Amino acid sequence: MNILVIPNTYSENLETESKFEVLNHLEEKVQEWIASHISKRKLWFSSDYLPADEKMNDDQESIAKKLRERVRGIKDAVRVAVAVNLLTEEGLPHFHRLISKYLGDQSFWSKWNYMWTAEEDRHGAVLRDYARDGRLFSFKEIEMMQFHYIESGFNPEWDKDPYKVFVYTTLQERATQISHKNTGTSVGSDEPLLDGILSNIAADEAKHYTFYRNVFKAILEVDPNRALLSAADIMPAIDMPGISMPNFRDMADVVRRTGIYGPRDYKKIVEEAIKFWNIELLTGLNDAAARAQEKILSIPKRLEKVAEYIERRTLQKTFSFDFIYNRILVFK
Ligand SMILES: [Fe+2]
Ligand SMILES: [Fe+2]
């Protein structure tokens, strides 16, 4: 007897296609969310904060002049956080490509992707303009890091699964929101312009977060069994594109030690997502989905252990980074 062997790629493609059907089924809702997003957004541009015109009035000229003076008061640990935030934002080509690759560029999803990309592009632009006009770094070092960061590519293993895009982006938008907001708070009155810029970026991220988490909630309602498997795969940890950069871990460690973003923040993000998506209350699942549900519900406990472990092992340490002239940062 001949047994028909279905190659993995074939079944994978079928799986992907049927997930697309679910996503296309959401069109009406998604169009509404896009319209609501547009009606609520406030478009601002880098030049609103950092005037750079050929012809400027006295007020605008004075902003530019005072900036460098005020930037001098920004602490090195906060400079590191701004560098991380800047590089994360400048990773936009990676994210645009992933969304396009996983959601296609023919449907209403591409409208969202283009719009989202245009909004996100302002984040990298304003931080780069700020760092340059204010002379926050040894700039060439930042430029080289950005170059390598883009050049290295970013290919998370999402198994052609478009659902994973929405889990990842939900967590990622919330993480960047927190990181920008807390960096702004750390700068505080030392440099209100930077605080203002970061608050506005954070407000954008909050709106993106709302969109992505709503989409995934709708997917869960239509296709809970497969959606839970996707979520269980992504939620334990989200990798950032910069993970391969040589000093990224040290930079992330400084950001954690400064209280801007760390494992406890990620734990809160996961808890919030579990609650919003009502994961605990989902019933009528198949065995695999029930196991995925259990796995997701156990993630916060595991993240708590990771956080405790890292905190226990946190000893006094010094750091230095070439983009701030290798000045020594001491953490006790
Ligand atoms: Fe952003
Ligand atoms: Fe965003």
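This note goes through a predicted model point by point, from the metal site to the salt bridges, the nonpolar core, one helix and two loop residues.

1. The metal site is a good place to start reading the model. The iron ion (ligand 1) is coordinated by E89, which appears with two OE entries, together with E120 (OE), H123 (ND1) and E205 (OE), at distances of 2.0 to 2.4 Å. Along the sequence, these donor residues follow the spacing E-x30-E-x2-H-x81-E. Two of the donors come from distant parts of the chain, since H123 belongs to helix α7 (residues 108–134) and E205 to helix α10 (residues 192–222), with their positions 82 residues apart in the numbering. Both H123 and E205 are buried.

2. A second iron ion is also present, and one residue connects the two metals. E120 bridges the iron ion (ligand 1) and the iron ion (ligand 2), and the two ions lie 3.9 Å apart.

3. The salt bridges come next. Side chains of opposite charge can pair when their charged atoms come close. In this model the count comes to 21 salt bridges, and the following points take up a few examples.

4. K19 and E15 form a salt bridge with an N to O distance of 3.3 Å. Why are K19 and E15 separated by about one helical turn? They are separated in this way because they are four residues apart in helix α1 (residues 8–25). The two partners can also be described by their accessibility: K19 is buried, with a relative accessible area of 4%, whereas E15 is partly exposed at 35%.

5. K317 and D250 make a salt bridge in which the closest N and O atoms are 3.6 Å apart. This pair links distant parts of the chain, as K317 lies in strand β1 (residues 317–319) and D250 in helix α12 (residues 248–257), 67 residues apart. K317 is partly exposed, with a relative accessibility of 33%, and D250 is partly exposed as well, with a relative accessible area of 32%.

6. E271 and K267 form a further salt bridge, with their closest N and O atoms 3.7 Å apart. Both residues lie in helix α13 (residues 263–276), where they are four residues apart, or about one turn of the helix. E271 is partly exposed at 33% relative accessible area, while K267 counts as buried at 18%, because the cut-off for buried is under 20%. This pair is part of a wider arrangement, in which salt bridges that share partners join R264, K267, E271, E304 and E311 into one network.

7. The nonpolar core deserves a careful look. In soluble globular proteins, nonpolar side chains tend to be buried together. The largest nonpolar core here has 98 residues, and the members that touch the most others are Y130, F137, F166, F216, M235 and F323. Helix α10 gives the most to this core, with twelve residues. Leaving aside residues up to four places away in sequence, F216 touches Y163, F166, V167, A227, A231 and W277.

8. Helix α2 (residues 27–40) allows a simple check of geometry. At 1.5 Å a residue, its 14 residues should span 20 Å, and its end C-alpha atoms are indeed 20 Å apart, so the expectation and the model agree.

9. Which residues of α2 are buried? They include V30, I34 and H37, and these residues cover an arc of only 60° around the axis, which means that they sit on the same side of α2. An α-helix has 3.6 residues a turn, so residues three or four places apart point the same way. On the other side of α2, E28, E32, S39 and K40 are exposed. The buried residues of the helix pack against α7 and α10.

10. Two residues call for a check of their backbone angles. Most residues other than glycine have a negative phi. K160, however, has a positive phi of about 55° although it is not a glycine, and K160 is found in the loop between α8 (139–151) and α9 (162–187), where it is partly exposed with a relative accessible area of 41%. N278 likewise has a positive phi of about 55° without being a glycine. N278 is located in the loop between α13 and α14 (287–312), and N278 is partly exposed at 34% relative accessible area.

Conventions: Residues numbered from 1 in each chain as written. Chains lettered and ligands numbered in written order. Predicted model: local features only at pLDDT ≥ 70, side-chain atom pairs only at ≥ 80, totals over all residues. Heavy atoms only, no water. Donors = N, O, S within 2.8 Å, 3.2 Å for Na, K, Ca; no water. Buried < 20%, exposed > 50% of the residue type's maximum accessible area, 1.4 Å probe, protein only. Salt bridge = Lys/Arg side-chain N within 4 Å of Asp/Glu carboxyl O. Core = buried A, V, L, I, M, F, W, Y, C linked by side-chain atoms within 4.5 Å. Contact = heavy atoms within 4.5 Å. Expected span 1.5 Å × (residues − 1). Arc of directions from axis to C-beta.
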